[in-house]
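User: Hey, can you walk me through this one? I'm new to reading structures.
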Amino acid sequence: TNENPEQYRQLIDYAEQRLTHCRYGEAKPSCKHCTTHCYKPDMRKRVREVMRWTGPRMILYSPKAALRHIWECLKNK
């Protein structure tokens with residue numbers, strides 16, 4: 001993606017703020033499987049773009065986190 005560091009910081013702050021106020025709390029499923037979309041459509045699009053880029057790299061740079069993420073996705077289906 002061609003965003004600058006400040007745009008990433010704004011996206012992180014937005015995501016943290018939305019997750020902090022999520023009505024599901026710790027039991028929240030992944031956004032893809034959630035029935036209540038708390039992100040604005042443009043922000044959901046930006047998060048998807050970032051995830052598309054980071055997802056494949058996650059297995060190289062943080063294999064434990066990648067496996068945990070895959071496990072959580074499978075468990076929540």
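**Salt bridges and a cavity**

Analyst: Sure, let's start with one residue: Lys45 is partly exposed, at 49% relative accessible area (buried is under 20%, exposed over 50%, partly exposed in between, with a 1.4 Å probe and protein chains only). This is a predicted model, where local features need pLDDT of at least 70, side-chain atom pairs count only at pLDDT 80 or more, and totals for chains, interfaces and linings use all residues. Residues are numbered from 1 along each chain as its sequence is written, and side-chain values use heavy atoms, leaving out hydrogens and water.

User: Which residue does Lys45 form a salt bridge with?

Analyst: Glu49, with the closest N and O atoms 3.9 Å apart. A salt bridge here is a side-chain nitrogen of Lys or Arg within 4 Å of a carboxyl oxygen of Asp or Glu. Glu49 is partly exposed too, at 27%.

User: How many salt bridges does the whole structure have?

Analyst: Three. One of them joins Asp13 and Arg9 at 2.9 Å, N to O, and another joins Glu72 and Lys75 at 3.4 Å.

User: Why would side chains pair up like that?

Analyst: Opposite charges can pair when their charged atoms come close.

User: New topic: how confident is the predictor in the protein?

Analyst: The mean pLDDT (the predictor's confidence in each residue, from 0 to 100) is 87, and 94% of the residues reach 70 or more.

User: And which residues line the largest cavity?

Analyst: Lys28, Cys31, Cys34, Thr36, His37, Cys38, Tyr39 and Arg44. A cavity is a set of points on a 1 Å grid over the protein atoms alone where a 1.4 Å probe fits but cannot get out, and lining residues have an atom within 4 Å of a point.

Technical notes:
1 Å grid on protein atoms, 1.4 Å probe; cavity = no way out; pocket = protein on both sides within 12 Å on 5 of 7 lines; lining within 4 Å.
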